[in-house]
Amino acid sequence: MVPTSCFIIEDDVLALNWLVKNVVKECPWIEIVGTATNVEDAVVGINNTKPALLLTDIELDPGSSFEVLDQLESYEFGIIFITSFEQYALKAIKLSALDYISKPVDMDELKGAIEKFTKNRQQQHQIQNILAHLNFNRQPKKLAIPTEQFVELVDVTSILYFKAEVNYCRIFFEDQKPILVSKTLKEYDTLLSNDTNFVRIHKSHLINKNKVKKIIKARLPQVMMYNGDVLDVSRAKKSTFEAAIFG
């Protein structure tokens with residue numbers, strides 16, 4: 001088996017040494033190319049070694065592994081998180097289809113996660129998604145849109161709305177053609193749940209409220225987006241829509 005390069009982040013030196021020793025012992029196809037105990041050293045180490053796999057504790061002292069991810073040059077690697085709590089982060093990890101191991105680490109469980117990664121290499125857009133879900137203060141915020149040939153990074157502020165199409169979702173923009181992606185509207189609704197600019201107005205539509213040009217008054221209102229598209233507001237979402245628009 002071709003060796004898989006791995007970088008490990010753990011702020012507890014004893015725990016770090018245990019991980020290195022046991023990963024080398026139990027997973028001989030893994031090559032440890034670097035370790036770090038803090039955010040600064042981790043960023044430098046990962047950018048220099050460019051590992052295929054990152055094995056990282058979530059809670060660092062000070063900071064967190066998400067701060068490391070937010071400062072990296074690229075995401076050409078898979079990732080397995082290690083954590084003892086941080087329930088909000090776990091929700092984001094699950095939504096992004098990434099693996100995590102709970103502390104205290106069970107080596108059999110960790111070995112299984114590493115084997116899973118080796119067989120099914122994760123895509124870089126998963127890491128972009130988790131950063132977006134955790135609402136890092138990037139200006140402008142980016143959203144990774146997976147297509148058949150590549151992952152397109154778009155400014156969230158350029159999105160007009162999302163439209164459900166069975167098990168797919170079509171994303172409409174202010175300055176480019178719509179993109180059809182193999183994700184559901186529900187997934188994007190969840191991913192952007194912390195961004196108050198996005199409002200679910202219908203089972204088929206999630207809109208950027210800042211891109212509403214007109215509100216057409218009626219028993220059930222409609223919205224005209226900046227591109228001229230007119231979308232219905234459902235009865236079930238009317239009060240949510242009005243609260244988002246009118247405060």
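A residue counts as exposed when its relative accessible area is over 50%. K50, at 55% relative accessibility, therefore falls in the exposed class. That is a handy place to start with this predicted model, since K50 sits in the loop between α2 and β3, two elements with many buried residues. In α2 these include V39, A42 and V43, while in β3 five of the five residues are buried. The notes below begin with β3 and its partner strands, then move to α2, the cysteines, the open sheet and some backbone details.

**Strand β3 and its partners**

- Strand β3 covers residues 53–57, and because five of its five residues are buried, the strand is largely enclosed by the rest of the structure.
- Its side chains alternate in direction: L53, L55 and D57 point one way, L54 and T56 point the other way, and all are buried.
- Strand β1 (residues 4–9) is joined to β3 by four bridges, and the two run parallel.
- Within that pairing, the residue opposite L54 of β3 is F7.
- With strand β4 (residues 78–83), β3 shares five bridges, again in a parallel arrangement.
- Here L54 has I79 of β4 standing opposite.
- To get from β3 to β4, the chain passes through helix α3 (residues 65–71), making a right-handed β-α-β crossover.

**Helix α2 and the turn after it**

- Helix α2 spans residues 39–49, and its buried residues are V39, A42, V43, G45, I46 and N47.
- Which elements cover those buried residues? Among them are β1, β2, β3 and α3.
- At the start of the helix, a side-chain oxygen of N38 comes to within 3.3 Å of the backbone nitrogen of E40.
- K50 follows α2 and has a positive phi, near 45°.

**I32 and its surroundings**

- I32 belongs to strand β2, which covers residues 30–36.
- With a relative accessible area of 22%, I32 is partly exposed; the cut-off for buried is under 20%, so I32 misses that class.
- Apart from neighbours within four places in sequence, I32 has contacts with C6, I8, V23 and V24.
- I32 and K21 are 11 residues apart along the chain, and their C-alpha atoms are separated by 9.9 Å.

**Cysteines**

- How many disulfides are there? The count comes to zero.
- C6 is in no disulfide, and the nearest cysteine sulfur, belonging to C27, is 8.9 Å away. The cut-off for a disulfide is a pair of cysteine sulfur atoms within 2.5 Å, so this pair does not qualify.
- C6, one of the contacts of I32, is buried, with a relative accessible area of 1%.
- C169 is also buried, at 0% relative accessibility.
- In the pairing of β9 with β10, C169 stands opposite V181 of β10.

**The open antiparallel sheet**

- Five strands make up an open sheet in the order β10-β9-β8-β12-β11, and the pairing is antiparallel.
- The edges are taken by β10 (179–181) and β11 (198–202); each has a single partner strand, so one side of each is left without a neighbour in the sheet.
- On average, neighbouring strands of this sheet are turned by 20° against each other, direction ignored.
- Three bridges connect strand β9 (residues 168–173) with β10, and these two run antiparallel.

**Backbone details worth a look**

- Most residues other than glycine have a negative phi, and most peptide bonds are trans.
- K50, which is not a glycine, has a positive phi near 45°.
- V166 is likewise not a glycine, and its phi is positive at about 55°.
- Where is V166 found? It is in the loop between β8 (159–165) and β9.
- V166 is exposed, with a relative accessibility of 78%.
- The peptide bond from K103 to P104 is cis, and its omega is near -5°.
- P104 lies in the loop between β5 (99–102) and α5 (107–119).

How values were computed. Residues numbered from 1 in each chain as written. Predicted model: local features only at pLDDT ≥ 70, side-chain atom pairs only at ≥ 80, totals over all residues. Heavy atoms only, no water. Buried < 20%, exposed > 50% of the residue type's maximum accessible area, 1.4 Å probe, protein only. Pairing = 2+ DSSP bridges. Right-handed = clockwise from strand over helix to strand, strands pointing away. Contact = heavy atoms within 4.5 Å. Axes fitted to C-alpha atoms, helices over the stretch in contact; angles between N-to-C directions. Polar contact = N/O pair within 3.5 Å; in protein donor to acceptor, adjacent residues only side chain to side chain.
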